[in-house]
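Q: Please pick one part of this structure and take me through it slowly, with its surroundings. I am a first-year student, so I would like the reasoning spelled out.

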Amino acid sequence: MLPAYLPNPVAALLGGGTPIDFGRTLSDGKRILGDGKTYRGLVCGVLAGIAVGLVQISLANHFGWDFLPRHTLASITLLSLGALLGDMGKSLIKRRLGKDRGAKWPIADQYDLVIGAFALTLLFDPSWVFANITLPILVIIIIITPILHRAVNIIGYLGGIKEVPW
Ligand code: CTP
Ligand code: MG
């Protein structure tokens, strides 16, 4: 899951600059995505997810770790891009609900990346998902995701990277 988990914190660390929606609003008068979704965050986040995936692939090849799910260039790219597309999809709906950038939206804020990562991978590489994401693995992901999310956001808040600890 590292290629799906890494893009969000890297986007928070390195993001900024031009927003993906170029500041535009929809007919409801609210921003399409908001200032929290930027091109730099998207590109840096996806590249970081792919980079950690490449490290995982080479480690698995080098040590012959057959007990771990096998990543491919497709799986790491889809998980990484999907994670941030899920994050953007969440912001799109969040703005429609009238929640401002950074407002708390429990459950959606935690699982957006998992839903996006699996949705994109299911769409373009379904066999990878069925071969690797078994029911026990899915249960573990559902349990650890909100814990990791909270822990990383508290660290980001204390480190001055995030404005809110969620
Ligand atoms: N970020 C970015 N580009 C992205 C995703 C995130 O630049 N595609 C950066 C932004 O600086 C953002 C921070 O990462 O503020 C934290 O991301 P997130 O919590 O997802 O955004 P929020 O600011 O909370 O906005 P939203 O309410 O839309 O989730
Ligand atoms: Mg947020």
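A: A residue is called exposed when its relative accessible area is over 50%, buried when that value is under 20%, and partly exposed in between. With that in hand we can look closely at helix 5 and what lies around it, keeping in mind that this is a predicted model.

We can begin just before the helix, with Ile107, which sits in the loop between helix 4 and helix 5. Its relative accessible area is 57%, and because this is over the 50% cut-off, Ile107 counts as exposed. Ile107 also has a positive phi, about 75 degrees, although it is not a glycine. Pro106 belongs to the loop between helix 4 and helix 5 as well, and its relative accessible area of 53% makes it exposed. From Pro106 to Pro146 there are 40 residues in sequence, yet their C-alpha atoms are 9.6 Å apart in space.

The helix itself follows, covering residues 108-124, which makes 17 residues. Its length can be checked with a simple argument: at 1.5 Å a residue the helix should span 24 Å, and because its end C-alpha atoms are 23 Å apart, the expected span and the modelled one agree.

Having left an exposed loop residue behind, we come to a helix that is mostly covered, since 12 of its 17 residues are buried. Among these buried residues are Ala108, Asp109 and Gln110, and further along Leu113, Val114, Ala117 and Phe118. As for what covers them, the buried residues of helix 5 pack against helix 1, helix 2, helix 4, helix 6 and helix 7.

Asp109 makes a useful first example, being a residue of helix 5 with a relative accessible area of 8%, so that it counts as buried. When residues up to four places away in sequence are not counted, Asp109 touches Lys90, Lys94, Ala103, Lys104 and His149.

Phe118 is a second example from the list of buried residues. Again without counting residues up to four places away in sequence, Phe118 touches Met1, Leu79, Ile133, Leu138 and Ile141. Phe118 also takes part in the largest nonpolar core, a group of 12 residues that includes Leu79, Leu113, Val114, Ala117, Trp128, Ile133 and Ile141. The elements that give two or more residues to this core are helix 1, helix 4, helix 5 and helix 6, and helix 5 gives the most, with four residues. A second, separate core has 10 residues, including Ile20, Val46, Ile57 and Leu84. As background, nonpolar side chains in soluble globular proteins tend to be buried together.

Helix 6 was one of the elements against which helix 5 packs, and it is worth a visit of its own. Helix 6 runs over residues 126-132, and Asn132 has its place there. With a relative accessibility of 13%, under the 20% cut-off, Asn132 counts as buried. Leaving aside neighbours within four places in sequence, Asn132 is in contact with Pro69, Arg70 and Ile137. In the case of Arg70 there is a polar pair to look at, for a polar atom of the Asn132 side chain lies 3.5 Å from the backbone nitrogen of Arg70.

The model also holds a ligand, and it shows what surrounding residues can do to something other than a helix. Ligand 1 is surrounded by 18 residues, of which the closest are Lys37, Thr38, Ser91, Arg101 and Gly102. A polar side-chain atom of Thr38 lies 2.6 Å from an oxygen atom of ligand 1, while a side-chain N or O atom of Arg95 is 2.8 Å from an oxygen atom of the ligand. Gly36 takes part through its backbone, where an N or O atom lies 3.1 Å from a nitrogen atom of ligand 1. Taken alone the ligand exposes 570 Å², and the protein buries 89% of that.

Finally, Phe22 can be set beside Ile107, where we began. Phe22 lies in the loop between helix 2 and helix 3, has a positive phi near 50 degrees without being a glycine, and counts as exposed because its relative accessible area is 51%. Gly23 has its place in the loop between helix 2 and helix 3 too, but at 37% Gly23 is partly exposed.

Key. Residues numbered from 1 in each chain as written. Chains lettered and ligands numbered in written order. Predicted model: local features only at pLDDT ≥ 70, side-chain atom pairs only at ≥ 80, totals over all residues. Heavy atoms only, no water. Buried < 20%, exposed > 50% of the residue type's maximum accessible area, 1.4 Å probe, protein only. Polar contact = N/O pair within 3.5 Å; in protein donor to acceptor, adjacent residues only side chain to side chain. Contact = heavy atoms within 4.5 Å. Expected span 1.5 Å × (residues − 1). Near = heavy atom within 4 Å. Areas by Shrake-Rupley, 256 points an atom, 1.4 Å probe, with all protein chains shown as cover. Core = buried A, V, L, I, M, F, W, Y, C linked by side-chain atoms within 4.5 Å.
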